[in-house]
Structure formats: C-alpha cells, structure tokens
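Trainee: Before we discuss this entry, may I put some questions to you about the fold and the ligand site?

Mentor: Certainly; let us look at the structure together.

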Amino acid sequence: MKLHFHPLSSYSRKTAVGIALRGDAIELHTLDVFGGELRSPAFQAMSPFGKMPVLESPDGPIYESTSILEYLEERGPRVLLPAGVERLARHFDRIGDLYLLDAIGAFFWKKTPEVQAETEKTMHRAWTVFARQLADGRPFVAGDRITLGDLSAAIAVDYAHTEGVAVPETIAPYAERLYSHPVLQASREAARPFVEATRPRRQPPATP
Ligand SMILES: N[C@@H](CCC(=O)N[C@@H](CS)C(=O)NCC(=O)O)C(=O)O
C-alpha cells in the first residue's frame with residue numbers, strides 16, 4: 001500500500017503518525033504539492049475532492065484521514081481504536097479535526113485578525129473539552145495509550161506553537177507527553193523545513 005501525503009499537511013501528518021504508531025509497512029509518497037500534483041488528473045482520480053492524504057489500497061483509493069486509519073484498524077491489529085474505547089477515540093478525533101486542525105489550518109494560511117480571533121476562540125473551546133477529559137489524570141484522551149482521539153490534537157498543538165496561537169496551561173503537559181513519543185517528534189521535524197519555507201508567503205499583507 002502507498003500513502004500519498006505531504007509532511008506539511010496536517011491531515012497527512014495525522015495519518016502518517018497513525019500508520020507509524022500501528023507499524024504498517026506502507027510506502028510514503030510525498031506529493032509535489034507546490035508543483036501542482038494535487039490538481040493532476042492522476043491524483044484527482046484517486047481523491048475526488050483533490051485533498052491529501054490518500055491511501056492506495058487493495059480495495060482502491062481511500063481518502064479522508066480518519067477513513068484511512070479506520071480501514072487499517074479494520075484489517076488489524078487494533079492499535080488506534082482499542083476495544084472498549086472506540087467511541088471515545090472517534091469522538092475526540094472528530095473534535096480534533098473540526099475544532100483544532102481546521103481552526104489552526106485556517107490561520108496557518110490566512111493571517112488576518114478576523115481569522116486569528118475565530119481560530120483562537122474555536123481552539124480555546126476545544127482545548128477546554130480536551131482538558132476536561134484529561135482532568136482525571138489519564139495521560140491520553142482514551143486512557144494510557146495514544147489512540148485515534150489524540151492524533152489531530154497532537155498535530156494542532158504543534159501548529160499552534162509554530163503560529164504563535166496560545167495553548168492553555170492545562171494542555172501543556174499533554175502536549176509534552178505527546179511529543180515525548182519519537183513518532184510525533186519525527187513528524188514535527190519533517191514538517192519544520194516546510195513551515196519555515198512557506199512562512200514569508202503566509203504573512204499578513206503589509207499595511208500601507
Ligand atoms: N477531511 C480531510 C481533510 C483533508 C485536507 O483538508 N487536506 C488538505 C491538506 S491538510 C489539502 O489537501 N488541501 C489542499 C487543497 O484543499 O487544495 C481529511 O481528514 O483527510
């Protein structure tokens with residue numbers, strides 16, 4: 001199987017981290033995003049919305065980060081959706097996608113005061129939900145191990161840091177725990193060159 005992805009793309013990172021945690025032998029293909037590969041007919045044939053990541057599987061192309069990871073979990077072994085906490089893991093994955101990753105993704109590319117305010121408000125609400133879940137001292141949202149429910153939050157906290165968006169104190173130990181894992185460290189390191197290379201074009205327009 002082959003994952004078409006990019007090390008800067010938040011949903012690609014979520015998926016690649018999930019694959020690495022599972023230990024699947026899946027080839028990674030870095031898309032030439034800046035050269036227009038997402039718009040190529042070959043890519044669009046695999047990804048109807050033109051978005052990454054996409055997994056080439058024996059059952060055809062699978063798109064949507066969560067669907068890719070659920071597909072792999074279904075084939076086994078169960079790593080990211082352990083028995084008994086599937087609903088919890090899926091719930092926090094959804095909250096993470098909708099209110100953390102999408103929010104930071106918007107501000108990553110569009111540095112206007114309006115987007116910043118919306119991003120900060122939405123992320124703050126989501127972090128409150130995560131903090132409440134972690135308040136009983138559990139290391140990760142579904143218990144002792146990283147599950148699907150932690151992946152979007154892990155990538156979002158990294159981009160909150162690179163983009164200077166405040167992360168509540170209550171989340172700092174969780175972020176530290178996540179990034180003590182070598183798989184997340186590697187994902188962060190792989191993204192860094194692209195974060196810096198794209199930074200000039202992501203700044204707000206100069207005021208006259
Ligand atoms: N819901 C999708 C989101 C995928 C997504 O938004 N991917 C972004 C990169 S993080 C993308 O491909 N953007 C390129 C574009 O929209 O042209 C998922 O979970 O995979």
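**Backbone and ligand site**

Mentor: Pro53 lies in the loop that connects helix H2 (41-46) with strand E3 (54-57). Please bear in mind that this is a predicted model.

Trainee: What is the geometry of the peptide bond from Met52 to Pro53, cis or trans?

Mentor: In general, most peptide bonds are trans. The bond from Met52 to Pro53 has an omega near 5°. That bond is therefore to be classed, against the general expectation for peptide bonds, by its own omega. For Met52 to Pro53, the geometry is cis.

Trainee: Which residue in the loop between helix H3 (65-75) and helix H4 (86-109) should I examine, and what omega does the bond from Gly76 to Pro77 have?

Mentor: The residue found in that loop is Pro77. The peptide bond that joins Gly76 to Pro77 is cis, with omega near -10°.

Trainee: Which residue has a positive phi although it is not a glycine?

Mentor: Most residues other than glycine have a negative phi. The residue in question is found in the loop between strand E4 (60-63) and H3. Its phi is about 80°, and the residue is Glu64.

Trainee: Which residues surround the ligand?

Mentor: The shell divides into four nonpolar, three polar and two charged residues. Both Pro53 and Glu64 belong to the surroundings of the ligand. The full set is Ser9, Ser10, Tyr11, Leu38, Lys51, Met52, Pro53, Glu64 and Ser65.

Trainee: Which residue places a polar side-chain atom 2.6 Å from an oxygen atom of the ligand?

Mentor: Lys51 has a polar side-chain atom 2.9 Å from a ligand oxygen atom. Met52 uses a backbone N or O atom, which lies 2.9 Å from an oxygen atom of the ligand. The polar side-chain atom at 2.6 Å from a ligand oxygen belongs to Ser65.

Trainee: What share of the ligand's accessible area does the protein cover?

Mentor: The ligand sits in the largest pocket. On its own, the ligand has 510 Å² of accessible area, and the share covered by the protein is 69%.

Trainee: In what order do the elements of the chain run from the N terminus on?

Mentor: The secondary structure comprises eight helices and four strands. From the N terminus on, the order is β-α-β-α-β-β-α-α-α-α-α-α.

Trainee: Why is the chain described as being as compact as a globular protein of its length?

Mentor: The globule rule gives 17 Å for 208 residues. The chain is as compact as a globular protein of that length because its radius of gyration is close to that figure, at 17 Å.

Terms used: Residues are numbered from 1 along each chain as its sequence is written. This is a predicted model: local features need pLDDT of at least 70, side-chain atom pairs count only at pLDDT 80 or more; totals for chains, interfaces and linings use all residues. Side-chain values use heavy atoms; hydrogens and water are left out. A residue is near a molecule or strand if one of its heavy atoms lies within 4 Å of it. A polar contact is a pair of N or O atoms within 3.5 Å; within protein, one must be able to donate a hydrogen and the other to accept it, and residues adjacent in sequence count only if both atoms are side-chain atoms. Accessible areas come from the Shrake-Rupley method with a 1.4 Å probe; for residues, only the protein chains shown count as cover. On a 1 Å grid over the protein atoms alone, a cavity is a set of points where a 1.4 Å probe fits but cannot get out, and a pocket is an open set with protein on both sides within 12 Å along at least five of seven lines; lining residues have an atom within 4 Å of a point. A molecule sits in a cavity or pocket if more than half of its atoms lie within 2 Å of its grid points. Ala, Val, Leu, Ile, Met, Phe, Trp, Tyr, Cys and Pro count as nonpolar, Asp, Glu, Lys and Arg as charged, and the others, Gly among them, as polar. Helices (H or I, at least four residues) and strands (E, at least two) are DSSP runs, numbered from the N terminus. The radius of gyration is taken over C-alpha atoms; the globule rule is 2.2 Å times the number of residues to the power 0.38.
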